[in-house]
Amino acid sequence: LVSTTITASVSVSTMDQEIVGHVKQQLSKLFEASLRTTVPDELDVEPLVVPCTGKFGDYQCNNAMSLYSRIKGKTTQFRGPPAIGQAIMKNLPPTKMIESCSVAGPGFVNVVLSTKWIAKSIQKMLIEGIETWAPRLRVKRAVVDFSSPNIAKEMHVGHLRSTIIGDTLARMLEYSNVEVLRRNHVGDWGTQFGMLIEFLFEEFPNWEGIGEQAIGDLQAFYKASKTRFDADPAFKERAQQAVVRLQGGEAKYHRAWAKICEISRREFDQVYQRLGVHLEEKGESFYNPYIPGVIEGLSKQGMVEESEGARVIFIEGKNIPLIVVKSDGGYNYASTDLAALWYRLNEEKAEWIIYVTDVGQQQHFEMFFSAAKHAGWLPSDGKAYPQATHVGFGLVLGDDGKRFRTRSTEVVRLVDLLDEAKNRSKAALIERGKGAEWSDKELEQTAEAVGYGAVKYADLKNNRLTNYTFNFDQMLNDKGNTAVYLLYAHARICSIIRKSGKDIEELKKTATVVLDHPDERVLGLHLLQFAETVEEACNNLLPNVLCEYLYNLSENFTKFYSNCQVVGSAEETSRLLLCEATAVVMRKCFYLLGIVPVYKI
Ligand code: ARG
């Protein structure tokens, strides 16, 4: 094992200035420079830099082995991977960020970061703000298609998952300097509207004059109209006519349709408002005018075939075709999605189009993505842009391991669910004596932040592909990996700072962050890994990566706090700054997860 110390350069290299607060990227730049010197003929070798938790270092560069097998036939310059590792280490440009390097095993280059550099980076973030740590993705504009419930049908827990996951993805991308078009692709077009409109005419002859409340629960309305539809052939006939008249653009039918949509929209908005989620509705109906042109274009490319009266696209490797025009001449979910994709690519100029639905729809997305690739809308190489990605998620289960239902086995009303989370967290706060201590408003706001935060976090902390069990007791537990635990941890940090009586803004300018204690260094390094964590979560569209980071941050803080005295110690000012930096990063994590922080508990 050879160890060497890289001399600290006097001037800060431009690289250090360009990408602050992104350790992995900064190290990658340094190793890239080294690779260019070490193997000048292998220009396309990308540096492989990963964090590590061994005793040899903080990060590791893993290029030596694969590089050796690549060049061994061409040159005799290196006797084996370790020799390449040595050369890579030797050729690193001078930098302030590295304390020392060593080569281990088959050529791994281990890097120990400079503790001083870590401390300085944190101080810089405190002064200039955490926005300076934002990752920069290659994509400039993205569509996130999420939530997307269906008009007059149930907005179920699947839509809740889509809303929570989609909102977080949008927030993380926005933070990473991507312009995000948050799209609610509501199911507002389809044959069910014929029956709904006829039923509206029948039940409410003066429907134009009535308020939305008069109709009441739309789901019940849907059920009643379905019963009528199934029972009376004359009604059924009229309903089918109504679809034709609606799609033909007849004004009265269009107004009735708009009224029904409006009622649903109000119900959806209640959920969005509670969750603090912002979306822009562009429902299926919006894309309807674009469908004929899009299908004609695909037909001209020879992709559309006749099959059993329908018009379909055969997809390589799939045994059923994608139906784009039904045998009755109508369009469907797939035709709408093709038109929407066309619109997003050509009119909205989005480079990354992300769809958040349950995994049950995977086949649908695979098929129309394939069609789009075949048509040349998307590059067939999955890595190039523009790109379309389906973000699938698993089921929400009840304690019985079956699909989540309420006690009455009826469907779950999402607002009731959110109310219960809030009420339970309020009860817990009152039990802790906060009812007497706080104003009603404070109690209410904290109960909401904790209750809704708990529902969101319980969903987001799992890998989205797995099913997860919805359990109030678990998600509202103040111990373990829950939003409650994390929100309390944040509040506690705020209270440490408050109780110190020190002015943090002043300290940022006058005091210096020092990380002499090992637990301070661990916490400091973890803070500095925020940007690369967000970047990874964005690239893989996995919110649980950020949750895990946040939980570990809290654990690292706890360890620091139990081993390092803050208030009253000789290191007080530095340690208060470290507390503040932790609180700042925690709050950014909460924000990205759509959770409202609390400051006292
Ligand atoms: N409305 C659909 C559903 O409830 C989800 C729509 C997802 N988005 C899309 N572009 N297909 O299942």
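Modeller: Quick word before we start: helices and strands here are DSSP runs, numbered from the N terminus. And keep in mind that this is a predicted model.

Biologist: Fine. Which helix and which strand each supply at least two residues of the shell around the ligand?

Modeller: The residues around the ligand include Asp 337, Ala 340, Tyr 355 and Thr 357. Put those against the element boundaries, and the two suppliers are helix H13 (333–346) and strand E12 (352–358).

Biologist: How many residues of that shell are nonpolar, polar and charged?

Modeller: Asp 145, Ser 148, Pro 149, Asn 150, His 185 and Gly 187 are also among the residues around the ligand. By class, the shell comes out as 3 nonpolar, 5 polar and 2 charged.

Biologist: On to the inside. Which helix gives the most to the largest nonpolar core?

Modeller: That core has 140 residues, with Ala 142, Leu 169, Ile 354 and Ala 454 making the most contacts inside it. The helix that gives the most, with 11 residues, is H24.

Biologist: Which residues is Ile 354 in contact with, leaving aside neighbours within four places in sequence?

Modeller: Ile 354 is one of the residues with the most contacts inside the core. Its partners are Ala 142, Val 143, Val 144, Asp 145, Leu 169, Thr 389, Val 391 and Leu 541.

Biologist: At roughly what angle do the axes of H19 and H24 cross?

Modeller: H19 passes H24 in a left-handed crossing. The contact involves, among others, Ile 493 and Ile 497 of H19 and Ala 583 and Met 586 of H24. Its residues divide into 8 nonpolar, 3 polar and 2 charged. The axes come within 10 Å, and the angle is roughly 145°.

Biologist: Which helices do the buried residues of H22 pack against?

Modeller: H22 (residues 530–539) is mostly covered, with 8 of its 10 residues buried. Phe 530, Val 534 and Cys 538 are among those buried. They pack against H2, H6, H21, H23 and H24.

Biologist: What phi does Leu 541 take?

Modeller: Leu 541 comes just after H22. Its phi is positive, at about 50°.

Biologist: Last one: is Met 172 buried or exposed?

Modeller: Met 172 sits in helix H6 and is in contact with Val 534, Ala 537, Cys 538 and Leu 592. Its C-alpha is 9.3 Å from that of Cys 589, although the two are 417 residues apart in sequence. The cut-off for burial is 20 or more other C-beta atoms within 10 Å. Met 172 has 25 C-beta neighbours inside 10 Å, so it counts as buried.

Methods: Residues numbered from 1 in each chain as written. Predicted model: local features only at pLDDT ≥ 70, side-chain atom pairs only at ≥ 80, totals over all residues. Near = placed C-beta within 6 Å. Helix = DSSP H or I, 4+ residues; strand = E, 2+ residues; numbered from the N terminus. Nonpolar A, V, L, I, M, F, W, Y, C, P; charged D, E, K, R; others polar. Core = buried A, V, L, I, M, F, W, Y, C linked by C-beta atoms within 7 Å. Buried ≥ 20, exposed ≤ 12 C-beta atoms within 10 Å, placed from the backbone. Contact = placed C-beta atoms within 7 Å. Axes fitted to C-alpha atoms, helices over the stretch in contact; angles between N-to-C directions. Left-handed = near helix turned anticlockwise from the far one by under 90°.
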